[in-house]
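Biologist: Could you take a close look at the salt bridges in this one for me? I'd like the cut-offs spelled out along the way.

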Amino acid sequence: MLLTVLFAFGALLRCAPVDAISPYIVIVPTVLRAGAISDLSIEFLVNVKSVDVTVKLVSDRTAEALFQHKTSITGLSAVIPLAIDASVPLGQYTLQVRAEGDVVFEKQHQVLVEEKGIIILIQTDKPFYRPSEKASH
């Protein structure tokens with residue numbers, strides 16, 4: 001799965017007192033699957049008391065919000081589930097992330113919504129077999 005570091009380290013590189021900056025990292029998949037759940041991860045490098053986060057998946061064609069999730073974060077990190085409905089048309093969308101509270105930011109990133117795939121996992125008793133050997137599973 002490809003991941004994108006959406007926004008990194010707020011004002012970390014600016015010359016400011018440590019308590020005046022609120023560095024953060026938001027990580028999202030570059031491809032979301034319709035009908036499946038993906039995770040958006042937010043990490044803060046400072047402990048936050050209260051941050052309200054809103055995540056929206058917005059259609060590039062109609063500007064309609066097809067998915068929206070609001071949550072409050074306390075502490076150093078949070079994982080926000082992105083449960084994209086199976087009825088969402090496949091294509092390119094804008095993922096908007098907005099935070100208000102101890103940390104304030106508003107960012108957006110292009111993501112691709114694809115159909116949900118099927119994964120088959122076959123587990124055997126050893127990693128390699130010779131042509132004459134039979135696999136045990």
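Modeller: Sure, and let me start with exposure: a residue is buried under 20% relative accessible area, exposed over 50%, and partly exposed in between, using a 1.4 Å probe and protein chains only. By that rule K126 is partly exposed at a relative accessible area of 33%. Its salt-bridge partner is E133, with 3.1 Å from N to O; a salt bridge here means a side-chain nitrogen of Lys or Arg within 4 Å of a carboxyl oxygen of Asp or Glu. E133 is partly exposed too, at 31%.

Before going on, some ground rules. This is a predicted model, where local features need pLDDT of at least 70 and side-chain atom pairs count only at pLDDT 80 or more, while totals for chains, interfaces and linings use all residues. Numbering runs from 1 along each chain as its sequence is written, and side-chain values use heavy atoms, with hydrogens and water left out.

Back to the pairs: the structure holds 4 salt bridges. Take R33 and E114, whose closest N and O atoms sit 2.7 Å apart. R33 belongs to strand β3 (residues 31–34) and E114 to strand β7, so this pair ties together parts that are 81 residues apart in sequence. Strands, for the record, are DSSP runs of E with at least two residues, helices are runs of H or I with at least four, and both are numbered from the N terminus. R33 counts as partly exposed with 34% relative accessibility, and E114 does as well with 30%.

Then there's a small network: salt bridges link R98, E100 and E106. Within it, E100 and R98 have their closest N and O atoms 2.8 Å apart. R98 is partly exposed at 41%, and E100 is partly exposed at 39%.

Now the residue just before K126: D125 lies in the segment after β7 (105–115). D125 is exposed, its relative accessible area being 54%. Its C-alpha is 7.6 Å from that of A135, a residue 10 positions away along the chain.

For the wider setting, the chain has 0 helices and 7 strands. Of its 137 residues, 33% count as buried. If you define a contact as heavy atoms within 4.5 Å, then among contacts with a separation of 6 or more, 57% come from residues 24 or more positions apart. The accessible surface is about 9,200 Å², with 54% of it belonging to carbon and sulfur atoms; that area comes from the Shrake-Rupley method with a 1.4 Å probe, and for residues only the protein chains shown count as cover.
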